[in-house]
Amino acid sequence: MGLRNGPESFGLVSRLFHWLMAILVLSLIALGLRLSSMEPGLSNLWLYGLHKTLGLTALGLVLLRILWHLISPPPGPMATGWERLFIKAWHWTLYALMIATPIAGWAGSSASGIDTLYAETFVVPPLVEADETSEFVWFILHEIFAKTLLGMVIIHMLAALRRGMAGDGTLTRMLRGKA
Ligand code: HEM
Ligand code: HEM
């Protein structure tokens with residue numbers, strides 16, 4: 001079974017990254033939206049901790065995924081012409097948001113002045129100094145990035161399912177490697 005990507009196929013490593021991160025990002029958005037309607041307190045502090053730990057894990061994974069794609073480039077969309085360029089730009093924006101969203105969350109958490117813990121154990125270095133205004137701005141950015149990501153992911157999923165039903169091989173090669 002091929003680990004690397006081919007000119008027309010997704011290798012196992014890229015497919016695992018895709019599906020693992022898809023579950024992670026969708027769970028993070030659901031958890032984040034739940035958190036934003038709660039008041040932080042002792043009873044739900046662990047939920048915040050869970051969101052931060054999973055969010056930092058997603059940041060680490062997306063950086064590894066990009067590194068992997070530099071070593072083993074993905075095949076690129078099956079469409080041609082401007083449509084191919086458009087889908088590429090869409091995917092690049094998804095990557096940019098998968099980096100910007102957790103960085104903004106990390107910066108906002110740092111600005112709150114509370115230690116950010118990874119897996120309830122390791123103290124993550126603060127990205128910015130503690131400051132109430134900057135905390136507010138970073139969390140607004142975090143919300144805008146996350147909600148844009150959600151909107152783009154919904155369209156992405158619908159487009160993938162439409163291509164799956166049309167049977168052009170796009171969905172098959174992200175599931176099984178080859179079209
Ligand atoms: C891909 C990664 C991430 C996604 C998709 C994500 C998503 C979200 C979403 C959708 C919200 C709700 C926003 C709102 O409606 O106000 C949220 C809130 C929050 N996120 Fe994230 N997040 C990610 C990573 C992180 C990281 C790495 C941290 C910190 C280290 C973090 C800390 C927080 C906090 C503290 C809140 C609550 C803010 C509030 O009380 O309004 N997030 N997140
Ligand atoms: C049910 C949910 C999903 C389905 C059915 C799906 C399907 C697909 C398919 C079929 C491709 C391959 C496109 C091609 O051949 O060029 C793809 C690529 C991609 N998907 Fe998803 N996806 C889902 C969820 C997600 C989520 C939640 C994210 C997170 C942001 C995501 C991010 C990406 C990215 C960045 C690519 C480009 C991969 C690359 O070539 O580098 N997907 N998706």
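Is His-18 buried or exposed? In this predicted model, in which local features need pLDDT of at least 70, side-chain atom pairs count only at pLDDT 80 or more and totals for chains, interfaces and linings use all residues, residues are numbered from 1 along each chain as its sequence is written. Chains are lettered from A and ligands numbered from 1 in the order in which they are written, and side-chain values use heavy atoms, with hydrogens and water left out.

His-18 is buried, its relative accessible area being 14% (buried means under 20%, exposed over 50% and partly exposed in between, with a 1.4 Å probe and protein chains only). Together with His-156, His-18 coordinates the iron atom of ligand 2, each through NE2, at 2.0 Å (donors are N, O and S atoms within 2.8 Å of the metal, or 3.2 Å for Na, K and Ca). The pair links distant parts of the chain, since His-18 lies in helix α1 and His-156 in helix α4, 138 residues apart (helices are DSSP runs of H or I with at least four residues, numbered from the N terminus). His-156, at 23% relative accessibility, counts as partly exposed. The site of this iron atom is octahedral, with angles of 88 to 180 degrees among its six donor atoms (six donors count as octahedral if opposite donors are over 155 degrees apart and all others between 65 and 115).

The iron atom of ligand 1 is likewise held at 2.0 Å by two histidine NE2 atoms, those of His-51 and His-142. His-51 belongs to helix α2 and His-142 to helix α4, so this pair ties together parts that are 91 residues apart in sequence. The relative accessible area of His-51 is 15%, which makes His-51 buried, and His-142 counts as buried at 17%. The site of the iron atom of ligand 1 is octahedral, with angles of 87 to 179 degrees among its six donor atoms.

Around ligand 2 there are 21 residues, of which His-18, Tyr-95, His-156, Met-157 and Arg-173 come nearest (a residue is near if one of its heavy atoms lies within 4 Å). Helices α1, α2, α3, α4 and α5 each supply at least two residues of this shell. A polar side-chain atom of Arg-173 lies 2.8 Å from an oxygen atom of ligand 2, and an N or O atom in the side chain of His-69 is 3.5 Å from an oxygen atom of ligand 2.

Key
Polar contact = N/O pair within 3.5 Å; in protein donor to acceptor, adjacent residues only side chain to side chain. Tetrahedral: all angles 85-135°; square planar, octahedral: opposite > 155°, others 65-115°.
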